[in-house]
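Colleague: Could you take a close look at one part of this model for me? I'd like to hear about the charged side-chain pairs and the strands around them.

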Amino acid sequence: MKNKINKKTICLAAAAAALVGSLSVGSALAYFTTYTKSEGNVVLDLGFTQTTPDEKVVNGAKQVTIQNTGDYDCYVRMKALVGDDYTISYSEHGEEEKWTPGAEGFYYYSDILAAKTGVSSRIDVNITFPEPEDGEAPDFNVIIIQECTPVLYDNEGNPYADWNKIADVSKTIVQGEEGNE
């Protein structure tokens, strides 16, 4: 008889649990069936900071401006490379001095270049040639190196440039990994 009571108690407990559980099923189903449909796709473009130099040679000097063609405001710097036999000097075009000499031979532009539209003021790279031995002007090449970095902000909201940040957009593909064969 004891076995019948246990079975009876167990059946009643199971029925009570099922009844209590069924009371909360409605709200649980409402939670799990509330959804939103979407169709199509969206391209996620994080963008880049990118600049393009404009260089013109006029009267033996290279005139340089830099335009921000990227997606974010940025700071820019530039320097010129020329052979050891030549001497270079920099001069600004205009009244405002916005280019200042700095580390590693770079000239730093003080203003922020706005995304897509910002253009620096012109800086001229003047080349002094050594006296030619045969009377002819020597061939030469002046290479302009320009770099940009996105504008960063400190805790007080002041903009600054971090020239040590490196954007590594390279991707290493190892032969034999899944999907790269």
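Modeller: Sure. Keep in mind that this is a predicted model. Let's go through the salt bridges, then the sheet, and then a few spots that deserve a look.

The count comes to seven salt bridges. In general, side chains of opposite charge can pair when their charged atoms come close. I'll take three of the pairs in turn.

Start with Arg77 and Glu147. Their closest N and O atoms are 2.5 Å apart, and the two form a salt bridge. This pair links distant parts of the chain: Arg77 sits in strand S3 (residues 74–81) and Glu147 in strand S8 (residues 143–150), 70 residues apart. How do the two partners fare for accessibility, buried or partly exposed? Arg77 counts as buried, because its relative accessibility is 8%. Glu147, at 31%, is partly exposed.

While you have Cys74 and Cys148 on screen, check the sulfurs. A disulfide is a covalent bond between the sulfur atoms of two cysteines. Why is there no such bond between Cys74 and Cys148? The cut-off for a disulfide is 2.5 Å between the sulfurs. The sulfur of Cys74 has its closest cysteine sulfur in Cys148, 4.8 Å away, so the gap is too far for a bond. Looking from the other end, Cys148 finds its closest cysteine sulfur in Cys74, again at 4.8 Å. A search of the whole structure turns up zero disulfides. As for their surroundings, Cys74 is buried at 0% relative accessibility, whereas Cys148 is partly exposed at 25%.

Next, Glu55 and Lys62. Their side chains meet in a salt bridge, 2.8 Å from N to O. Glu55 is partly exposed, with a relative accessible area of 32%, while Lys62 counts as buried at 11%.

Lys62 also takes us into the sheet, since it stands opposite Val125 in S7. Strand S2 (residues 61–68) and strand S7 (residues 123–128) pair in the antiparallel sense, over four bridges. Which strands make up the whole sheet, and in what order? It is an open sheet of four strands, running S1-S2-S7-S4 with antiparallel pairing. At the edges are strand S1 (51–58) and strand S4 (87–92), each of which pairs on one side only. On average, neighbouring strands of this sheet are turned by 25° against each other, direction ignored.

The third pair is Glu96 with Lys98, whose side chains meet in a salt bridge at 3.2 Å, N to O. Salt bridges with shared partners join Glu96, Lys98 and Asp111 into one network. Is Glu96 buried or exposed? Glu96 counts as exposed, because its relative accessibility is 53%. Lys98, by contrast, is buried at 18%.

Finally, a couple of backbone angles you may want to check. Glu104 has a phi near 60°, which is a positive value in a residue other than glycine. Where is Glu104? Glu104 lies in the loop between strand S5 (99–101) and strand S6 (107–109), and its 62% relative accessibility makes it exposed. Lys116 also has a positive phi, near 70°, and is likewise not a glycine. Lys116 is found in the loop between S6 and S7.

Technical notes:
Residues numbered from 1 in each chain as written. Predicted model: local features only at pLDDT ≥ 70, side-chain atom pairs only at ≥ 80, totals over all residues. Heavy atoms only, no water. Buried < 20%, exposed > 50% of the residue type's maximum accessible area, 1.4 Å probe, protein only. Salt bridge = Lys/Arg side-chain N within 4 Å of Asp/Glu carboxyl O. Helix = DSSP H or I, 4+ residues; strand = E, 2+ residues; numbered from the N terminus. Pairing = 2+ DSSP bridges. Axes fitted to C-alpha atoms, helices over the stretch in contact; angles between N-to-C directions.
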